Amino acid sequence: MDCKFNLDKFENGLSELNISLSSAQMQQFLDYYQMLIEWNKKMNLTSITEFEDVVEKHFLDSLCIFKTFPQITDKKILDLGTGAGFPGIPIKIVFPDTEFVLMDSVNKKLTFLNAVINNLELNNISTVHGRAEDLARKSEYRQKFDLCVSRAVANLASLSEYCLPFVKIGGYFVSYKSGDIEEEAKNARKAIYLLGGKTEQIVRYRLPGTDANRSLVCIEKDRGTPKSYPRKAGIPSKQPIL
Ligand code: SAH
């Protein structure tokens, strides 16, 4: 592909993850990068702006879901606290057959994402504005997703209260974490259990092309979430279930 960016790092990382992209999909990633940089001048979307850094810390990091779920076609997926679209947009580009909802409590980030969705001509993907605690009480979202993913939103105990109510019984919640998360995972056990989740499985790996430690915490939901959860907006982060 004739391109002004050096794609070596991206291509090496993708092959480490066993992902192969068509040239149209690669172009979608490049267009996304350009929009991110352009819009970032007007609003605070990311502190990472160099092409290779965005590739490593946003694109490849988001795609590490393939370490645990190599096949996620046909799934209905929620990205909770998506911000500038991570990990949702990279996963959607690679698996266009998924049905996606991107949620965030900050509306202007969704304005950016709607422009990305239009420009990249992504289908079966929508943005929803609101807080997890409120949206998880709506019947159109509650226990409706096969998979809920979330990166850099809250500690695992609070995050489980945001995310697990959206997941169908038999579905999964996957939390992207970096560094040592033993203690955080231990502190979240009670919340996970109360909200209908099974014991977590932690998949540890290195971010492709780096020696940075990352983990995916995967939680299967095997029971319904009791009606009393999530609690009112603000409570799960102020008073996590411990
Ligand atoms: N997932 C992105 C953004 C992380 S920043 C990334 O990894 O780059 C955290 C985002 O979560 C912010 O955009 C914030 O608006 C959103 N957020 C925080 N608490 C939330 C809540 N209770 N409900 C919905 N979105 C929330």
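Tutor: Contact means heavy atoms within 4.5 Å. The model is predicted, with local features needing pLDDT of at least 70 and side-chain atom pairs pLDDT 80 or more, while totals for chains, interfaces and linings use all residues. Residues are numbered from 1 along each chain, and side-chain values use heavy atoms, without hydrogens or water.

Student: What is G130 in contact with, leaving aside its neighbours within four places in sequence?

Tutor: D104, S105 and L135, so each has a heavy atom within 4.5 Å of G130. G130 itself lies in the loop between β3 (125-129) and α6 (132-135); helices (H or I, at least four residues) and strands (E, at least two) are DSSP runs, numbered from the N terminus.

Student: How many residues surround the ligand, and which are the closest?

Tutor: There are 16, the closest being G81, F86, D104, A132 and R151. A residue counts as near if one of its heavy atoms lies within 4 Å. The shell divides into six nonpolar, five polar and five charged residues.

Student: What makes the F86 pair a polar contact?

Tutor: A polar contact is a pair of N or O atoms within 3.5 Å. A backbone N or O atom of F86 is 2.7 Å from a ligand nitrogen, so the pair qualifies. The side chain of E133 puts an N or O atom 3.0 Å from a ligand nitrogen, and the side chain of R151 has one 2.6 Å from a ligand oxygen; both pairs therefore pass too. Of the 580 Å² that the ligand exposes alone, the protein buries 82% (Shrake-Rupley, 1.4 Å probe).

Student: Why is the bond between F86 and P87 called out?

Tutor: It's a cis peptide bond, with omega about 5 degrees. Most peptide bonds are trans. P87 lies in the loop between β1 (76-80) and α4 (88-94). Y229 and P230 are also joined by a cis peptide bond, with omega about -5 degrees, and P230 lies in the loop between β7 (213-220) and α9 (235-238).

Student: What is phi of Q143?

Tutor: Near 55 degrees, a positive value in a residue other than glycine. Most residues other than glycine have a negative phi, which means a positive one goes against the usual sign. Q143 lies in the loop between α6 and β4 (145-151).

How values were computed: A polar contact is a pair of N or O atoms within 3.5 Å; within protein, one must be able to donate a hydrogen and the other to accept it, and residues adjacent in sequence count only if both atoms are side-chain atoms. Ala, Val, Leu, Ile, Met, Phe, Trp, Tyr, Cys and Pro count as nonpolar, Asp, Glu, Lys and Arg as charged, and the others, Gly among them, as polar.
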